[in-house]
Amino acid sequence: MATASASGAPGFSAPLAPIPDFFIVGHAKSGTTALYEMLRVHPQIFLPTSKEPWFFASELHERTPPRPEGTPRTLEEYRAWFADAQPGQRVGEASVLYLWSRTAAAAIAEVQPEAQIIALLREPASFLRSLHLQLIETYVETEQDFGRALALEEERRQGRQIPKHTYWPKTLLYSEHVRYAEQLRRYHEAFGRERVLVLVYEDFRADNEATVRRVLAFLEVDDSVQIAVGEANPSVRVRSQRLNEVVHGVSVGHGPLSRAAKAGVKALTPQRLRRRALHGAQQRLVYAPPAPADEQLMRELRLRYRHEVQALGEYMGRDLVTLWGYGDLD
């Protein structure tokens with residue numbers, strides 16, 4: 001659209017930033033961060049510096065966390081995340097809770113009906129255990145015992161036993177995350193099966209490079225480029241919930257004591273060093289390698305979700321019962 005320049009001469013408004021044409025939709029702790037990091041160095045692909053804009057999952061917008069890059073609320077704010085994309089690049093984003101979301105598939109299709117979708121799925125019991133650790137790490141969950149956190153689900157459906165500062169209460173309904181066939185069906189109905197690539201975490205772990213090349217071929221970009229493989233976002237255990245609360249409070253400013261501490265840190269150190277210091281404190285003092293899984297609980301979860309694995313295998317046309325070890329649970 002023609003506009004007037006600052007000098008009064010006619011000119012043209014800057015072109016709008018693009019809307020992504022492909023989406024990595026999850027699940028969390030299923031290789032999405034590693035895939036995002038590997039794809040974003042490809043010269044024909046643009047992914048924003050910050051992962052997880054969450055824009056199309058309306059369920060997340062009741063309480064979104066404070067973060068330096070913000071959370072886009074309008075389409076204009078969302079497009080700004082992709083303003084640095086170059087002409088000819090495939091433009092994408094990764095928001096893992098889009099697969100869990102009941103609204104994201106339709107919302108994406110409304111603004112980008114020809115989008116391509118990349119979904120990652122993981123064996124349910126291992127996925128839920130890693131998700132629980134992640135939600136504790138990010139202060140969405142405060143119940144450190146995995147079994148007790150699962151048992152709280154029905155109370156949490158009624159709005160009880162929800163941590164005071166949790167950003168997304170609905171994500172604490174753990175069973176809602178393991179509706180794999182239903183979740184995939186939403187994307188197949190919105191985009192068609194040919195535009196949805198379903199990846200299995202265990203395949204990705206076994207051969208990062210082959211999986212990434214499969215994604216590149218799906219996106220129709222050069223799949224012969226060199227790929228640096230590696231793990232990102234490993235699961236950790238919170239050593240001390242109280243210490244995690246203090247570090248989290250300094251980071252986001254909950255409560256007068258936390259705000260005072262944050263103000264003091266801000267007055268003495270630049271932003272880059274503050275982030276580095278907080279991250280270093282978390283890694284040294286707050287987090288530790290996860291404890292061994294409770295095998296009895298993991299077996300109970302596999303029994304609980306065996307029907308979901310069977311249904312997903314039938315839907316995908318793949319023997320996931322054998323791959324995920326669900327065949328000999330009795």
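Q: Accessible areas come from the Shrake-Rupley method with a 1.4 Å probe, and for residues only the protein chains shown count as cover; on that basis, how much area does the chain expose, and which atoms supply 52% of it?
A: The chain exposes about 16,400 Å², and carbon and sulfur atoms supply 52% of that area. The model is predicted, so local features need pLDDT of at least 70 and side-chain atom pairs count only at pLDDT 80 or more, whereas totals for chains, interfaces and linings use all residues. Residues are numbered from 1 along each chain as its sequence is written, and side-chain values use heavy atoms, with hydrogens and water left out.

Q: What makes Ala115 count as buried or exposed?
A: Buried means under 20% relative accessible area, exposed means over 50%, and partly exposed lies in between (1.4 Å probe, protein chains only). Ala115 has a relative accessible area of 0%, so it is called buried. Across the chain, buried residues make up 51% of the 330 residues.

Q: Where does Ala115 lie, and which residues does it touch?
A: Ala115 is placed in the loop between α4 (104–111) and β6, where helices (H or I, at least four residues) and strands (E, at least two) are DSSP runs numbered from the N terminus. With contact meaning heavy atoms within 4.5 Å, and leaving aside residues up to four places away in sequence, Ala115 touches Asp21, Phe23, Ile108, Phe191 and Arg195. For one of these partners, Phe191, the C-alpha to C-alpha distance from Ala115 is 7.3 Å, although the two are 76 residues apart in sequence.

Q: How many contacts of the chain, as a percentage of those between residues at least 6 apart in sequence, join residues at least 24 apart?
A: The share is 71%. The chain that these contacts run through has 16 helices and 9 strands.

Q: Why is strand β3 described as largely enclosed?
A: Strand β3 (residues 22–26) has 5 of its 5 residues buried, and it is therefore largely enclosed by the rest of the structure.

Q: How do you know which strands pair with β3?
A: Two strands pair if DSSP finds at least two bridges between them. Strand β3 has 3 bridges to β5 (residues 90–94), running parallel to it, and 4 bridges to β6 (residues 116–121), also in parallel, so both strands meet the definition. Within these pairings, Ile24 has Ala94 of β5 as its bridge partner, while Gly26 has Ala119 of β6.

Q: Why is the pair Asp21 and Arg90 called a salt bridge, and what does it tie together?
A: A salt bridge is a side-chain nitrogen of Lys or Arg within 4 Å of a carboxyl oxygen of Asp or Glu; in this pair the closest N and O atoms are 2.7 Å apart, and the criterion is therefore met. Asp21 lies in the loop between β2 (10–12) and β3 and Arg90 in strand β5, so the pair ties together parts that are 69 residues apart in sequence. Arg90 is buried, with a relative accessible area of 17%.

Q: How many salt bridges does a search of the whole structure find, and which residues share partners in one network?
A: The search finds 18. Among them, Lys51 and Glu52 meet at 2.6 Å, N to O; Lys51, at 16%, is buried, and Glu52 counts as buried at 12%. Glu141 and Arg156 meet at 2.7 Å, and both are buried. Shared partners join Arg102, Glu153, Glu154, Arg157, Glu176, Arg179, Glu182 and Arg186 into one network of salt bridges.

Key:
Accessible areas come from the Shrake-Rupley method with a 1.4 Å probe; for residues, only the protein chains shown count as cover.
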